[in-house]
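Me: I would like to learn how to read a few features of a protein model. Could we go through them one at a time?

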Amino acid sequence: MTEQPSRSNITLGILAGGRATRLGGIDKAWLLRDGVPQVLRWRDRFAGEVVATLVSANRDLTRYEAAGMRAVADATAADLGPLAGLAALATACRTRWLLTIPVDLLDVTHTLLPSLAGACGPDGAVACDDDGAQPLVALWRVDALRRAVRAAMESHDLAAHALQPRLDMASVRFRGVRFGNLNTPDDLAAAGVSSTSDSP
């Protein structure tokens with residue numbers, strides 16, 4: 001029987017390896033909101049709900065180390081998008097379960113992890129907000145994720161939303177909620193983002 005998700009066996013995986021082309025290539029992990037870098041905001045938000053935190057990142061890895069976080073880079077030079085980040089996190093994860101969120105996420109409900117954990121299928125659960133399915137906001141059984149990512153890469157099916165059909169995952173609907181993303185200059189302005197952090 002698979003060990004059920006609990007704080008002692010869940011790692012938070014923050015996906016921060018994107019190139020942010022629509023924002024001129026800035027590093028979204030260090031965007032400041034209310035003086036707090038995005039990556040630290042999410043680390044601190046889930047600190048009481050997970051036993052460890054990993055960051056998928058492809059630049060300035062020592063910056064994460066200085067902030068007390070472990071960052072893992074994509075294992076391949078090919079541009080595989082979020083799939084490469086998921087693969088890196090799954091490989092590095094040492095717990096049974098992995099909660100993933102994109103670093104540029106704007107907000108989540110305080111019930112996100114308890115809701116995913118309480119409803120998860122054998123391989124986990126994926127969030128669905130008022131904008132639809134959010135394939136990167138998900139709780140994964142790590143060994144299943146490793147197999148699914150490997151199969152997706154071998155078949156060149158690189159879309160993140162194609163992973164869940166390979167797995168037995170529940171869909172959890174969060175009504176009246178929009179997580180949102182920081183993808184454009186207008187998004188940054190609306191969220192009150194003014195700059196990027198020069199130091200951890």
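Reply: This is a predicted model. Start with Arg146, which lies in helix 5 (residues 142–155).

Me: Is Arg146 buried, partly exposed or exposed?
Reply: Burial is read from the relative accessible area, and the buried class ends at 20%, while the exposed class starts over 50%. Arg146 has a value of 32%, so this residue is partly exposed.

Me: Which residues does Arg146 touch, apart from those up to four places away in sequence?
Reply: Ala90, Thr91, Cys93 and Arg94. With Cys93 there is also a polar approach: a polar side-chain atom of Arg146 lies 2.9 Å from the backbone oxygen of Cys93. For the spacing of the backbones, take Leu89: 57 residues separate Leu89 from Arg146 in sequence, and their C-alpha atoms are 9.3 Å apart.

Me: What share of the contacts in the protein joins residues 24 or more positions apart?
Reply: Among contacts with a separation of 6 or more, the share is 76%. The secondary structure that these chain segments form comes to 6 helices and 9 strands.

Me: How should I read the interior?
Reply: In soluble globular proteins, nonpolar side chains tend to be buried together. Here 52% of the 200 residues count as buried. The largest nonpolar core has 37 residues, and Val39, Phe46, Val55, Tyr64, Leu112, Leu116 and Phe179 have the most contacts inside it. Several elements give two or more residues to this core, among them strand 1, helix 1 and strand 9 (169–173). The largest contribution, 4 residues, comes from helix 4. A second, separate core has 26 residues, including Val72, Cys93, Leu136 and Leu167.

Me: Which residues of helix 1 are buried, and what do they pack against?
Reply: Helix 1 covers residues 38–45, and its buried residues are Gln38, Val39, Leu40 and Trp42. They pack against strands and a helix, including strand 4 (52–56), helix 2 (61–66) and strand 6 (97–102).

Me: What surrounds Phe46?
Reply: Beyond its neighbours within four places in sequence, Phe46 is in contact with Leu12, Leu99, Ile101, Val108, Leu112 and Leu113. In addition, the charged end of Arg45 sits over the Phe46 ring, 4.3 Å from the ring centre.

Me: How many aromatic pairs are there in the whole structure?
Reply: A pair of aromatic rings is described by the distance of the centres and the angle of the planes. The search finds 3 aromatic pairs.

Me: What about the surface?
Reply: The protein exposes about 9300 Å², of which carbon and sulfur atoms supply 49%.

How values were computed. Residues numbered from 1 in each chain as written. Predicted model: local features only at pLDDT ≥ 70, side-chain atom pairs only at ≥ 80, totals over all residues. Heavy atoms only, no water. Buried < 20%, exposed > 50% of the residue type's maximum accessible area, 1.4 Å probe, protein only. Contact = heavy atoms within 4.5 Å. Phe/Tyr/Trp six-rings, centres within 6.5 Å; stacked < 30°, edge-to-face > 60°. Lys NZ or Arg CZ within 6 Å of the ring centre and 35° of its normal. Areas by Shrake-Rupley, 256 points an atom, 1.4 Å probe, with all protein chains shown as cover. Polar contact = N/O pair within 3.5 Å; in protein donor to acceptor, adjacent residues only side chain to side chain. Core = buried A, V, L, I, M, F, W, Y, C linked by side-chain atoms within 4.5 Å.
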